[in-house]
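Here is a short tour for a reader who is new to this structure. Keep the view open and follow the headings.

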Amino acid sequence: PVTVDLGGRVVNTLGYADTVPGPLIRANVGDELRVAVTNKLDKPTSMHWHGIALRNDMDGAMPATPNIPAGASFTYTFSVPDSGTYWAHPHTGVEADTGLYLPLIIDDPKAPADYDAEWIVMLDDWTDGVGRSPQTIFEDLKKGGMGGMGGGGQSKLLGGDPGDVIYPYYLINGRIPDAPTTFAAKPGQRIRIRFINAGADTAFRVALAGHKMTVTHTDGFPVVPTEVDALLLGMGERYDVIVTAGDGVFPLVALAEGKNALASALLTTGAGAAPEPGFQPTELNGRIGTVDMFTATPEARLKFTKADADLTAELTAAPTGYQWGVNGFYPDNVPFTVKQGQQATMTFANKTRMWHPMHLHGHTYQVRNTKGELGARKDTVIVLTNQSVKVAIVADNPGYWPVHCHNTYHAEAGMANTFDYVS
């Protein structure tokens, strides 16, 4: 348990160390990480290394990795095979909707340094210690409420209903818009911004006022550089961009998509005044980057030739009550099965009234675009309501791996399955 200041609003929550986000963990490709976690909570917890293709028993998620009991310690030990922007969070109950998250950056020392400065930007939706607790929200949802949507917003980008929960605050790097975090740079510098959506129920549309962004990576892997005005990030997704800094004070704004609220931060390179906390730059309504616009660079493509297995993940909701599923409701559904070395496709077919960011542990996949071509290489992808997304997977990391919606409340309400290797 920690007490943190969100910028004039002090809250009691859960955290890694004593900050939100937790402290940065950074390593080089091929390094072995040893992270000792002591659980000072009164309940079990875990630490999942989101996006890392690591060994199964260190993934930080059941059934392959036991949870850490209250008062106990556990050391996660694993090597990191790929460079990129990753993060860590718990995989127990609705703890992911607290301050338990931190950035994990894996560098490639051989990669050219084509930027002058770096800004890690963690986006979050916040209720813990301010509004209802995450556990109370979940219990209300199960009773048939909508968690505070109050009639609900709408998002054209997300195909309708944006989420189940309206939050008291939306944060960038643990700060509310009234007291934003500031990043200082010099005019003309090339800045690499690493965006991480650590939210539980909120997609963010992000833009930097007065700047275009060149998208260079998604979920850790490089894409053909593509210029956008804004970017859409579902929960669990990461995007890296390059901007060339102008001269002045520029708000970085993360619109809580469809929820009529935002988070913000400031880029400061010279003199100027910060805008009002609710300011929305015109870039938010310009060219918005979504997954179908990006293609993995040749060196980042999966070595995928043709599918040995064709899997379908049907995303469903119970007709009544609050229950979500992937081919049925976890843990009573039938796992997906693959064999070591197989190549598989998986089609996420969304049969529900809401969008879902679908995440696969221990692997990355390559998303097929609307033309059927292999596009971006990712581990989390937005699947819009009544639409399908097909991905290519190489089964090269044996174990029992969760595949689930990265909406914390959907996953806890059954929207999960496992991707199991069989002999």
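## An aromatic cluster

Trp49, Phe74, Tyr76 and Phe78 form a cluster that is linked by ring pairs. The model is a predicted one. It holds 11 aromatic pairs. In one of them, the ring centres of Trp49 and Phe78 lie 5.2 Å apart with the planes at 45°, so this pair is tilted. Distance and angle are both quoted because a pair of aromatic rings is described by the distance of the centres and the angle of the planes.

The pair of Trp49 and Phe78 joins distant parts of the chain. Trp49 belongs to strand E5 (residues 48-50) and Phe78 to strand E6 (residues 73-79), 29 residues apart. Both residues are buried.

## The whole chain

How many helices and strands does the protein chain have? It has two helices and 31 strands. The C-alpha atoms fill a box of roughly 65 × 50 × 45 Å along the principal axes. For 423 residues, a compact globule would have a radius of gyration near 22 Å, and the 20 Å of this chain agrees with that.

Buried residues account for 60% of the 423 residues. Among the contacts with a separation of 6 or more, 74% are between residues 24 or more positions apart. The exposed surface of the protein chain is about 16,200 Å². Carbon and sulfur atoms supply 50% of that area.

## Nonpolar cores

In soluble globular proteins, nonpolar side chains tend to be buried together. Here the largest nonpolar core has 111 residues. Which of them touch the most other members? They are Trp49 and Leu231. Strand E18 (residues 249-256) gives this core its largest share, six residues. A second, separate core has 15 residues, including Val2, Val4, Tyr101 and Ile120.

Leu231 has contacts well along the chain. Leaving out residues up to four places away in sequence, Leu231 touches Phe195, Phe204, Arg205, Val206, Met213, Val215, Tyr239, Val241, Ile288, Gly289 and Phe294.

## Helix H1

Helix H1 spans residues 134-142, and its buried residues are Pro134, Ile137, Phe138 and Leu141. Why do they lie on the same side of H1? They cover an arc of only 95° around the axis, which puts them there. An α-helix has 3.6 residues a turn, so residues three or four places apart point the same way.

The buried residues of H1 pack against helix H2 (408-412). Just after H1 comes Gly144, with a positive phi of about 110°.

## Three residues up close

Phe183 sits in strand E11 (residues 182-184). Its relative accessibility is 14%, so Phe183 counts as buried. Beyond its neighbours within four places in sequence, Phe183 contacts Ala117, Glu118, Trp119, Ile191, Leu266, Leu267 and Thr268. The C-alpha atoms of Phe183 and Leu231 are 19 Å apart, with their positions 48 residues apart along the chain.

Thr347 is part of strand E24 (residues 343-350). Thr347 is buried because its relative accessible area is 18%, and the cut-off for buried is under 20%. Outside its neighbours within four places in sequence, Thr347 contacts Leu311, Thr312, Ala313, Ser388, Val389 and Lys390. Tyr115 lies in the loop between strand E8 (102-107) and strand E9 (117-126). With 22% relative accessibility, Tyr115 is partly exposed. Not counting residues up to four places away in sequence, Tyr115 touches Arg190, Arg192, Arg194 and Ile242.

## Backbone details in the loops

Two peptide bonds deserve a look. The bond from Val20 to Pro21 is cis, with omega near -5°. Pro21 is in the loop between strand E2 (10-13) and strand E3 (25-28). The bond from Tyr330 to Pro331 is also cis, with omega near 10°. Pro331 is in the loop between strand E22 (324-326) and strand E23 (336-338).

Asn173 is not a glycine, yet its phi is positive, about 50°. Asn173 lies in the loop between strand E10 (169-172) and E11. Asn260, also not a glycine, has a positive phi near 55°. Asn260 lies in the loop between E18 and strand E19 (261-268). Are these residues buried or exposed? Asn173 is buried, at 18% relative accessible area, whereas Asn260 is exposed, at 79%.

Key
Residues numbered from 1 in each chain as written. Predicted model: local features only at pLDDT ≥ 70, side-chain atom pairs only at ≥ 80, totals over all residues. Heavy atoms only, no water. Buried < 20%, exposed > 50% of the residue type's maximum accessible area, 1.4 Å probe, protein only. Helix = DSSP H or I, 4+ residues; strand = E, 2+ residues; numbered from the N terminus. Arc of directions from axis to C-beta. Contact = heavy atoms within 4.5 Å. Core = buried A, V, L, I, M, F, W, Y, C linked by side-chain atoms within 4.5 Å. Rg over C-alpha atoms; globule rule 2.2 N^0.38 Å. Areas by Shrake-Rupley, 256 points an atom, 1.4 Å probe, with all protein chains shown as cover. Phe/Tyr/Trp six-rings, centres within 6.5 Å; stacked < 30°, edge-to-face > 60°.
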